[in-house]
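Hi everyone, thanks for making room for me today. Let me put the structure up on the screen, and then we can walk through it together.

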Amino acid sequence: MNMTGKFSVGIRCSTYNQSRYIVETMDGFVMQQTSFPFVAMIVDDASTDGQQSLICSYIRQNFDWEDPEAYDCDEKHAQVMFARHKVNKSCHFVVLFLKENLYQKGLHYKKLEYLAPWRNELKYEALCEGDDWWIDPLKLQKQFDFLETHPDHAMCTTSYSSYRMKDGHINKGIDHGPGTDITLRDLMRKNIIGTLTVMYRLEVLARYEKEVRPHIPSFQMGDIPLWLFIAHEGKIHELPCTTAMYRVLENSTSH
């Protein structure tokens, strides 16, 4: 199971009962064109809407099960599947089908513990939840290239468009010209970062989890305190491109 040193970039995708949208999300991962191998880490938090079967079928059909590194095993906390895509050889998926809902039990932090075999050696991590999706096949490559050449930056983000499910209206992302840095002062005024667009250095996240998370209450929107910490630890840059689509649902945590 231990993929030590194999991947520099990981995608973390937490999902629950999003069977209507998850295929589009996974397609956005698969279409990424990179010069490096990456792993999409999908954690299904014990969905009850058939999503686990849907994800399983997607991986069975599109990933290479003749690869000697591929496996499907039943562990204490989850069924775990790992495989490389048949066509996009840079793309790997690891999926954890949790056997109990950790969010409802107040144990959501354990998801990161379960992903440790893949996350521990990553240099960068990108985020995308199971109802959003990426529209730029070079999203990961652009952000990887920027962070590799700008060691003073702790995170790289992009613009994004919004898709309103109620009426299908699309609100296009804002073009920031040559790109811009987002400061701590900017974030104190308003959260202007879309979670589905970020890529950050795992070493910075590790400091946050060690130094800050144990001493703060459980925020309903956990991304905002993380962005503030990252902005304090290093620079944040927004690239001048729109790479993702945010799905606006009438009934969701943020709405």
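Here is something to look for while you get your bearings: which elements do the buried residues of α7 pack against? Keep that in mind for a moment. Before we answer, please remember that this is a predicted model.

A quick overview comes next. The chain has 255 residues, and 49% of them count as buried. Its secondary structure consists of eight helices and 13 strands. If you take the contacts with a separation of 6 or more, 74% of them join residues 24 or more positions apart. The chain exposes about 12,500 Å², and carbon and sulfur atoms supply 50% of that area.

Now back to α7. Its buried residues pack against β1 (9–15), α4, β7 (124–127), β9 (153–164), β12 (199–201) and α8 (223–233). Which residues of α7 are buried? They are L202, V204, L205 and Y208. These four sit on the same side of α7, because they cover an arc of only 155 degrees around the axis. Turn the helix round, and the face pointing away from the buried side carries the exposed residues E203 and K210.

The helix α7 also takes us to a pocket. The second largest pocket has a volume of about 230 Å³. As general background, rolling a probe the size of a water molecule over the atoms shows where empty space is left. In this pocket the lining is made of 11 residues, and L112, E113, R119, N120 and E209 are the ones nearest its centre. Which helix gives the most to that lining? It is α7, with four residues. Helices α3 (110–114), α4 (116–119) and α7 (202–211) each supply at least two residues. By type, the lining of the second largest pocket divides into six nonpolar, one polar and four charged residues.

Let's move to the other end of the sequence, to helix α1, which covers residues 22–30. I picked two residues there. T25 lies in this helix, and with 0% relative accessibility T25 counts as buried. Leaving out residues up to four places away in sequence, T25 touches C13, C128, E129, G130, D131, D132 and W133. M26 lies in α1 too. Is M26 buried or exposed? M26 counts as buried, at 0% relative accessibility. With the same kind of sequence neighbours set aside, M26 touches I42, I55, Y58 and F93. For one of these partners we have a spacing as well: the C-alpha atoms of M26 and I42, 16 residues apart along the chain, are separated by 9.1 Å.

Next, two loop residues with a backbone angle to notice. N17 is found in the loop between β1 and α1. Phi of N17 is near 50 degrees, which is a positive value in a residue other than glycine. At 29% relative accessibility, N17 counts as partly exposed. The other one is A46, placed in the loop between β2 (38–44) and α2 (51–62). A46 is not a glycine either, and its phi is positive, at about 60 degrees. Why does A46 count as buried? Its relative accessibility is 15%, and buried means under 20%.

My last stops are two partly exposed residues. R60 is found in helix α2; its relative accessible area is 40%, so R60 is partly exposed. Not counting residues up to four places away in sequence, R60 touches W65, D72 and M81. From R60 to A83 there are 23 residues in sequence, and their C-alpha atoms are 9.1 Å apart in space.

Then there is K235, in strand β13 (residues 235–248). K235 counts as partly exposed, at 41% relative accessibility. Which residues is K235 in contact with, leaving aside neighbours within four places in sequence? The list is D152, H153, A154, M155 and D181. K235 and L184 are 51 residues apart along the chain, and 8.8 Å separates their C-alpha atoms.

If you take one picture home, let it be α7: L202, V204, L205 and Y208 are buried, while E203 and K210 are exposed on the face turned away from them. Thanks for listening, and I'm happy to go back to any part of it.

Notes
Residues numbered from 1 in each chain as written. Predicted model: local features only at pLDDT ≥ 70, side-chain atom pairs only at ≥ 80, totals over all residues. Heavy atoms only, no water. Buried < 20%, exposed > 50% of the residue type's maximum accessible area, 1.4 Å probe, protein only. Contact = heavy atoms within 4.5 Å. Areas by Shrake-Rupley, 256 points an atom, 1.4 Å probe, with all protein chains shown as cover. 1 Å grid on protein atoms, 1.4 Å probe; cavity = no way out; pocket = protein on both sides within 12 Å on 5 of 7 lines; lining within 4 Å. Points joined across faces, edges and corners; volume = space filled by probe spheres on them. Nonpolar A, V, L, I, M, F, W, Y, C, P; charged D, E, K, R; others polar. Arc of directions from axis to C-beta.
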